[in-house]
Amino acid sequence: DLEATLFSGQSFRWTKHNSQFVGVLGSDVVVLTYLTGETGGGGSAKLSLNPRVIFRRLNTVKASSSNEEMRMEQSRLDLIDDRLHSYFNANVDVQALLSSWRRTDENFEKKSDQFHGLRTLRVDTLEAIISFICSSNNNIPRISMMVERLCAMFSENHIDATSMQVHYRFPTLSQLTMVTEKQLRQAGFGFRAPKLVAAVRQMVALGGDEWLRSLERPDLAREPARELLQQLSGVGPKVADCVCLCSLQKHDAIPVDTHCWQLARRDYLPELAPAASLTTKRYAQIGDYFRDHFGPYAGWAFMVLFAAELSLFKRAARARQDENVQQALAVAQQPVATRRVSGFFRRGATELLLVNKGGGSEVDDDVGVEPRAQHQHRHDFMAWKRRKRG
């Protein structure tokens with residue numbers, strides 16, 4: 001699920017152009033798209049994580065290049081495939097996790113219905129720290145804008161790619177030391193500007209790149225990693241947990257922001273509903289509850305629930321719901337003999353057959369649609385009618 005994974009607030013360097021997902025990984029501009037034919041064509045390759053996804057890099061050699069250049073390009077694609085394998089945490093069986101959680105959590109089953117493979121990413125550590133400091137009191141489109149403006153401050157990092165959009169490598173820690181608070185404020189960073197400048201200086205003082213690499217040690221547990229990160233200006237518990245989850249592979253980290261605070265009180269911890277604010281104690285209580293409820297990959301479950309709260313995916317869910325209801329209404333106007341709707345409210349290999357009997361609708365027994373699908377159809381129809389009246 002590329003869209004849900006790349007636009008759920010884990011990384012801020014991806015854009016979507018028609019059916020293509022374009023992002024910067026290291027010094028490469030990478031294009032991901034779903035496979036529609038048997039092969040991906042010249043200059044592209046199938047992603048080992050998912051053969052249905054092909055990738056290519058925009059800064060590729062020309063078709064007229066020599067055999068040696070083409071071999072070098074293929075080697076580069078192999079390296080990018082390895083990088084994407086790590087970036088998407090390909091060693092984690094996300095389908096097994098989703099199936100397990102759906103069997104034991106009715107709310108999760110409902111909220112995850114539109115997400116069929118949302119993964120937690122492994123973003124570069126420095127990029128994650130800087131990006132999530134920018135996330136304070138912010139939204140995903142604006143964070144993305146700020147990160148791109150920061151990258152564009154270093155013209156030497158421009159990537160020569162055959163694209164109308166300009167792309168830049170993420171700056172190094174050494175380069176970031178040259179950025180001033182004034183420059184950041186002029187770029188729209190606001191109150192985050194002094195925090196970013198201070199955080200960069202602190203990282204250098206702590207050991208620079210070596211300190212960043214120490215955070216990536218597999219034997220470094222989540223709590224010590226959080227403590228190390230919170231030495232930095234602009235990094236509190238939420239930002240630290242974001243970095244732990246989306247960069248340092250601490251799969252049980254739970255970043256409790258406004259969305260998580262709301263969904264936790266509404267769906268899992270009703271005793272917190274009267275609470276007026278998120279205190280340090282309540283933050284820890286929510287994280288501990290999710291870890292106990294979802295296990296060692298609780299952060300992955302959290303990302304699904306978090307994505308379901310985002311307006312981008314809420315709008316998409318409503319659009320699909322309206323499309324389903326419109327389809328049902330169109331079918332209802334057809335002669336009864338032609339009312340088989342392939343794929344409508346699909347459950348495995350089942351189909352929905354609407355039969356008009358006494359003004360009602362039934363499910364044909366011989367296609368085996370679950371009662372839940374019939375109930376969902378009525379629920380979607382009534383919800384659609386209420387929105388139309390409103």
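## A pair on helix α8

Let's start with R185, which counts as partly exposed at 44% relative accessibility (buried means under 20% relative accessible area, exposed over 50%, and partly exposed anything in between, using a 1.4 Å probe and protein chains only). This is a predicted model, so local features need pLDDT of at least 70 and side-chain atom pairs count only at pLDDT 80 or more, while totals for chains, interfaces and linings use all residues. Residues are numbered from 1 along each chain as its sequence is written, and side-chain values use heavy atoms, with hydrogens and water left out.

R185 has a partner: E181, with which R185 makes a salt bridge whose closest N and O atoms are 3.0 Å apart (a salt bridge is a side-chain nitrogen of Lys or Arg within 4 Å of a carboxyl oxygen of Asp or Glu). Both residues sit in helix α8, residues 181-186, and because they are four residues apart there, about one helical turn separates them. Helices (H or I, at least four residues) and strands (E, at least two) are DSSP runs, numbered from the N terminus. E181 is partly exposed too, at 34%.

## A network around R226

By the rule above, the count comes to 15 salt bridges. Side chains of opposite charge can pair when their charged atoms come close. One example is E223 with R226, at 3.4 Å from N to O. These two residues share helix α11 (residues 222-229), where they are three residues, or about one turn, apart. E223 is partly exposed, with a relative accessible area of 36%, whereas R226 is buried at 11%.

R226 also pairs with D241, and here the closest N and O atoms are 2.7 Å apart. D241 belongs to helix α12 and R226 to helix α11, so this pair ties together parts that are 15 residues apart in sequence. D241 is buried, with a relative accessible area of 3%. Step back a little and you find R222, E223, R226, D241 and D252 joined into one network by salt bridges that share partners.

## Two more charged residues

E227 is another resident of helix α11. With 55% relative accessibility, E227 counts as exposed. C-alpha to C-alpha, E227 lies 8.8 Å from P237 in space, and the two are 10 residues apart in sequence.

Then there's K111 in helix α4, residues 106-111. K111 counts as buried, at 18% relative accessibility. Its side chain joins that of D267 through a polar contact of 3.1 Å (a pair of N or O atoms within 3.5 Å; within protein, one must be able to donate a hydrogen and the other to accept it, and residues adjacent in sequence count only if both atoms are side-chain atoms).

## A closed cavity

Now for the empty spaces, mapped on a 1 Å grid over the protein atoms alone: a cavity is a set of points where a 1.4 Å probe fits but cannot get out, a pocket is an open set with protein on both sides within 12 Å along at least five of seven lines, and lining residues have an atom within 4 Å of a point. Grid points are joined across faces, edges and corners, and a volume is the space filled by probe spheres set on the points.

The structure holds one cavity of 30 Å³ or more. The largest cavity has a volume of about 70 Å³. Its lining is made by I130, L150, L176, V179, L184, L196, V197 and V200. Helix α9 (residues 192-206) gives the most to that lining, with three residues. By class, the lining has eight nonpolar residues, no polar and no charged (Ala, Val, Leu, Ile, Met, Phe, Trp, Tyr, Cys and Pro count as nonpolar, Asp, Glu, Lys and Arg as charged, and the others, Gly among them, as polar).

## The second largest pocket

The second largest pocket encloses about 890 Å³ of space. It is lined by 43 residues, and G9, F12, N139, I140 and I143 lie nearest its centre. Elements that each supply at least two lining residues include β1 (14-17), β2 (20-25), α13 (258-268) and α16 (311-332). The largest share, five residues, comes from α6. This lining has 21 nonpolar, 17 polar and five charged residues.

## What the UniProt record adds

In an unreviewed entry, UniProt lists residues 294-313 as "transmembrane region"; such positions are given in the numbering used here, feature names are shortened, and annotations may be inferred rather than shown by experiment. In the model, that span is 80% helix and 0% strand, and its end C-alpha atoms lie 22 Å apart.
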